[in-house]
Amino acid sequence: MKTLVLCVDRDDDFGRKAGLNSPFIGREENMIAANGLALKDPEDSDINTIFAAISMYDEMLKRGVDVEIATLCGDIHVGYESDLALTTQLETVINTTGAERVILVSDGAEDEYIYPIISSRIKVDSVKKVHVKQAPTMEGIFYIIVKMIQDDKMRKRLVAPIGLALLIYGLFAIIDPLASLMRGSDVSYSTIGISMIWIVVGTYVVSFSYKLDERLKLYCKEVKKAARSGSQIIPFAASSIILLIVAIFYGADSAAAMSNAGLVRQISAFIGGFIWLAIFAYVVLLIGRFINNYAMERKITYGAIVESITVFAVGFIIQGALDSASRLFDYGHYDNLLIVLEFVLGFGLAVFAGILNLSFRAMSKEETDEEE
């Protein structure tokens, strides 16, 4: 009865960092994978896990146990995609090695997700958790925290929520002082200053978490490249930005007109004033992308048509929800027929966009089959 010593890398560090294709079956392949990842990122915990599995494999082999070793890798998009990749690779490994039982070796980070996937397909005899030893000093702890923050996955999980919380708190804290300032009432400028600090800190943390500065630099480079190549999308993008700015100011003006009402009413007024201009701004950008693709590549982007219809569908549904809430809480008097029409149009356009998307996919598939 063959035993399999199994390592699992759910977020595919071996593929993402070292460019290796999994699964790794056998001692030699696992050694090559461990060394490859160690050269790219010597501080990754998966390296210690795979070496611990190799050590266990060697010990069992010395005792005369019929044993094999393998490593599975998931996907950078942790969740359904990574678990599907793990399941497929696990079945491949079981069929290749003929193993009937498993010893799972992991760093303990995501056992609650990995274990059910493996145990549903093969008997699990044992789970070994590998913990990396660290110096118990303040310097060592600080070093670990810095490294955790530098890791993309940990930064999005731990730092991003803190930044979003600070940003939301700052935005809500500044609403009342700004409303009082617009009404000409006395305002505590220190309160505005503290709120602005929370907004700035929250914005910086969110930007750091999602690398928005790098994305902005990349976007600027693409804009320069498009401008130099005579792209048709530039005027449409500029118009879209102007419409979006106007939408923000129009929404803010609508909310300011309700300064004597409650916060919920002000938010509703802002969304009502903002939503349609923002939708038109996005549609203008889609039109520019559609024209640019056709002009540059003589290619019709059906996705832009589907996106435009979907955006209008969302707009009608949101408008219907706002009008329903206004009527329910007696914020305004709206005709019931109008509200029903908004919902019908919204869901009708959504269904139409879905049908259109399926039709375009079928057309694309037929064109591909004809070319082949």
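Reader: Hi! Which residue's side chain does Asp41 meet in a salt bridge?
Author: Asp41 pairs with Lys17, at 2.7 Å from N to O. A salt bridge here is a side-chain nitrogen of Lys or Arg within 4 Å of a carboxyl oxygen of Asp or Glu. This is a predicted model, where local features need pLDDT of at least 70, side-chain atom pairs count only at pLDDT 80 or more, and totals for chains, interfaces and linings use all residues. Residues are numbered from 1 along each chain as its sequence is written, and side-chain values use heavy atoms, with hydrogens and water left out.

Reader: Cool. Where do Asp41 and Lys17 lie?
Author: Asp41 is in the loop between α2 (27-40) and α3 (45-62), and Lys17 is in helix α1 (residues 13-18), so the pair ties together parts 24 residues apart in sequence. Helices are DSSP runs of H or I with at least four residues, strands are runs of E with at least two, and both are numbered from the N terminus.

Reader: And how many salt bridges are there in the whole structure?
Author: A search finds 8. One of them joins Asp125 and Arg101, also at 2.7 Å, N to O. Asp125 lies in strand β5 (residues 123-129) and Arg101 in strand β4 (residues 101-106), so that pair links parts 24 residues apart in sequence.

Reader: New topic: is Arg228 buried or exposed?
Author: Arg228 is exposed, with a relative accessible area of 74%. Buried means under 20%, exposed over 50%, and partly exposed in between, using a 1.4 Å probe and protein chains only. Arg228 lies in helix α9 (residues 212-228).
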